[in-house]
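This report describes the fold, the helix packing and selected residues of a single protein chain. Please consult the sequence and the structure shown below while reading.

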Amino acid sequence: MQLSPASVAYKLTPHSLNFSEVRIENTNRCAYRCFFCPREEMTRDKGIMPVEDLAFILDRVGQHEGLVDLHGFGEPLLDKFLPEKIALISSRWPLAEPRFYSTLGVRVEHDYFSKLVAAGLRHVE
């Protein structure tokens with residue numbers, strides 16, 4: 001797996017901190033324009049995190065056995081690589097609990113949630 005140029009610049013050795021929860025923004029894209037959401041005020045580019053960058057984050061954090069929240073200022077279901085990302089988290093951190101809890105229920109393929117569960121998704125809150 002090749003790291004994105006942004007991740008290569010920050011390649012460091014794992015640290016010794018332990019986290020009960022890790023929050024990873026898999027995307028900051030969203031098709032809605034909710035009046036209360038600060039996403040529209042962001043100055044950074046909108047996009048979807050590459051799987052390679054997620055792998056870098058997992059390596060950097062080291063072992064993790066707590067919650068893994070895949071959300072942020074975007075709609076997590078817009079990430080077409082979400083099943084792959086959940087599978088990666090589940091394989092690298094088998095005792096962790098991948099989930100997302102901020103979704104507006106965008107239309108997805110009829111078997112999409114089955115793919116997410118098969119990949120290791122344990123909670124949608």
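Is Cys 34 buried, partly exposed or exposed? Cys 34 counts as partly exposed, because its relative accessibility is 28% and the partly exposed class lies between 20% and 50%. The model in which this value was computed is a predicted one.

## Overall architecture

The protein chain contains four helices and four strands. Helices and strands follow one another in the order α-β-α-β-α-β-α-β along the sequence.

Of the 125 residues in the chain, 38% count as buried. Among the contacts with a separation of 6 or more, 78% join residues that are 24 or more positions apart.

## Cysteines

How many disulfides does a search of the whole structure find? The search returns zero. A disulfide would require two cysteine sulfur atoms within 2.5 Å. For Cys 34, the closest cysteine sulfur belongs to Cys 30 and lies 6.1 Å away, which is too far for a bond.

Cys 37 is likewise unpaired, because its closest cysteine sulfur, in Cys 34, is 6.3 Å away and too far for a bond. Cys 37 is partly exposed, with a relative accessible area of 27%.

## Helix α2 and its contact with α3

Helix α2 spans residues 51-61, and helix α3 spans residues 82-92. The axes of the two helices come within 10 Å and cross at roughly 20°. Since angles under 35 degrees count as roughly parallel, α2 is roughly parallel to α3. The crossing of this pair is right-handed. On the α2 side the contact is made by Val 51, Leu 54, Ala 55, Leu 58 and Asp 59; on the α3 side, Glu 84, Lys 85, Leu 88, Ile 89 and Arg 92 take part. By residue class, this contact holds six nonpolar, no polar and four charged residues.

In an α-helix there are 3.6 residues a turn, so residues three or four places apart point the same way. The buried residues of α2 are Val 51, Asp 53, Leu 54, Ala 55, Phe 56, Leu 58 and Val 61. After α2 comes Gly 62, which has a positive phi, near 85°.

## Helix α3 and its contact with α4

Which residues of α3 are buried? They are Leu 82, Pro 83, Lys 85, Ile 86, Leu 88 and Ile 89. The elements covering these buried residues include α2, α4 and the strands β2 and β3, the latter formed by residues 97-100.

Helix α4 comprises residues 112-119, and its axis comes within 8 Å of that of α3, with a crossing of roughly 15°. The two helices are therefore roughly parallel to each other, and α3 passes α4 in a right-handed crossing. From α3, the residues Leu 82, Pro 83, Ile 86, Ala 87 and Ser 90 meet Tyr 112, Lys 115, Leu 116 and Ala 119 of α4. This contact divides into seven nonpolar residues, one polar and one charged.

## Lys 85

Lys 85 lies in helix α3 and is buried, with a relative accessible area of 0%. Leaving aside residues up to four places away in sequence, Lys 85 touches Asn 26, Ile 48, Met 49, Pro 50, Val 51, Leu 54 and Asp 79. Val 51 and Leu 54 also belong to the α2 side of the contact between α2 and α3.

## His 71

Where is His 71 found? This residue sits in the loop between β2, formed by residues 67-70, and α3. His 71 is buried, with a relative accessible area of 12%. Not counting residues up to four places away in sequence, His 71 touches Arg 23, Ile 24, Glu 25, Asn 26, Tyr 101 and Ser 102. Asn 26 is also among the residues touched by Lys 85.

## Phe 113

Phe 113 is found in helix α4. With a relative accessibility of 38%, Phe 113 counts as partly exposed. Apart from residues up to four places away in sequence, Phe 113 touches Leu 77, Phe 100 and Val 108.

The C-alpha atoms of Phe 113 and Pro 83 are separated by 8.9 Å, although the two residues are 30 residues apart along the chain. Pro 83 is one of the α3 residues that meet α4, and Pro 83 is also among the buried residues of α3.

Conventions: Residues are numbered from 1 along each chain as its sequence is written. This is a predicted model: local features need pLDDT of at least 70, side-chain atom pairs count only at pLDDT 80 or more; totals for chains, interfaces and linings use all residues. Side-chain values use heavy atoms; hydrogens and water are left out. Axes are lines fitted to C-alpha atoms, for helices over the stretch in contact, and angles run from 0 to 180 degrees between N-to-C directions. Angles under 35 degrees count as roughly parallel, over 145 as roughly antiparallel, 65 to 115 as roughly perpendicular and the rest as oblique. A crossing is left-handed if the near helix is turned anticlockwise from the far one by less than a right angle, and right-handed if clockwise. Contact means heavy atoms within 4.5 Å. Ala, Val, Leu, Ile, Met, Phe, Trp, Tyr, Cys and Pro count as nonpolar, Asp, Glu, Lys and Arg as charged, and the others, Gly among them, as polar. Buried means under 20% relative accessible area, exposed over 50%, partly exposed in between (1.4 Å probe, protein chains only).
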